[in-house]
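Hi everyone, thanks for coming. I'd like to walk you through a structure that's probably new to most of you, so let's put it up on the screen.

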There are 2 protein chains.
Amino acid sequence: MAKVVVNVMPKTEILDPQGQAIVGALGRLGFDGISDVRQGKRFELEIDGDIDDAKLAEIAESLLANTVIEDWTVTREDRS
Amino acid sequence: MAKVVVNVMPKTEILDPQGQAIVGALGRLGFDGISDVRQGKRFELEIDGDIDDAKLAEIAESLLANTVIEDWTVTREDRS
């Protein structure tokens with residue numbers, strides 16, 4: 001069993017209203033010094049056996065991210 | 001400028017219907033071998049200057065996560 005993490009974030013050129021709302025709320029709550037927040041998604045996949053990088057990329061692009069507005073990264077987390 | 005990542009995931013004892021929908025879709029699309037998917041959130045915070053761990057924990061608990069149903073982790077990403 002392996003664990004794979006796929007992070008999906010809005011592209012830098014895309015506005016992120018959820019993140020901006022958090023920046024505003026932080027200021028109102030008195031948390032200073034946070035200049036920007038971006039909100040994205042994190043998917044944790046439990047893999048039985050092996051899966052190759054090409055297949056993981058296909059899953060991320062076809063199902064988990066909207067590649068028009070989002071970037072994705074895949075990370076394998078080794079467990080013993 | 002430092003970057004801090006806050007990951008917010010549903011607690012293991014909480015059902016995750018979004019993740020289960022992805023597991024179902026993966027099976028229908030022919031991607032085998034993925035036994036479980038959990039969907040959570042990833043926040044990337046840009047920090048001006050320094051912020052201590054206690055303040056980051058307060059931000060995560062009060063604003064970013066619903067601690068009744070979600071767990072959170074904070075990671076500092078060093079940049080040069």
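**How the two chains meet**

Okay, so if you turn chain A by 180 degrees, with 0.0 Å of shift along the axis, it lands on chain B with an RMSD of 0.0 Å. The two copies are thus related as by a two-fold rotation axis. And in chain A, the C-alpha nearest that axis belongs to A:K41, 2.2 Å away from it. Both copies use the same surface, too: 100% of chain A's contact residues recur in chain B. Do keep in mind that this is a predicted model.

Now, the contact itself. Chain A puts in 31 residues and chain B puts in 31 residues. Together they bury about 2,700 Å², and carbon and sulfur atoms give 66% of that. On the chain A side, the residues losing the most area to chain B are A:F31, A:R42 and A:L63, which together make up 21% of what that side buries.

What about polar links? There are 11 residue pairs in polar contact between the chains, but 0 salt bridges across the interface.

So which parts of chain A touch chain B? β1 (2-10), α1 (17-28), β2 (34-47) and α2 (53-64) each supply at least two residues. The largest share, 14 residues, comes from β2(A). By type, that side of chain A divides into 16 nonpolar, 6 polar and 9 charged residues.

Let's stay with β2(A) for a second. 13 bridges join it to strand β2 (residues 34-47) of chain B, and the two run antiparallel. If you want a spot to look at, find A:E44: it stands opposite B:R38 in β2(B).

Terms used: Residues are numbered from 1 along each chain as its sequence is written. Chains are lettered from A and ligands numbered from 1 in the order in which they are written. This is a predicted model: local features need pLDDT of at least 70, side-chain atom pairs count only at pLDDT 80 or more; totals for chains, interfaces and linings use all residues. Side-chain values use heavy atoms; hydrogens and water are left out. Copies are superposed by least squares on the C-alpha atoms of residues with pLDDT of at least 70 in both. Contact means heavy atoms within 4.5 Å. Buried area is the accessible area (1.4 Å probe) that two parts lose on being put together, summed over both. A salt bridge is a side-chain nitrogen of Lys or Arg within 4 Å of a carboxyl oxygen of Asp or Glu. A polar contact is a pair of N or O atoms within 3.5 Å; within protein, one must be able to donate a hydrogen and the other to accept it, and residues adjacent in sequence count only if both atoms are side-chain atoms. Helices (H or I, at least four residues) and strands (E, at least two) are DSSP runs, numbered from the N terminus. Ala, Val, Leu, Ile, Met, Phe, Trp, Tyr, Cys and Pro count as nonpolar, Asp, Glu, Lys and Arg as charged, and the others, Gly among them, as polar. Two strands pair if DSSP finds at least two bridges between them.
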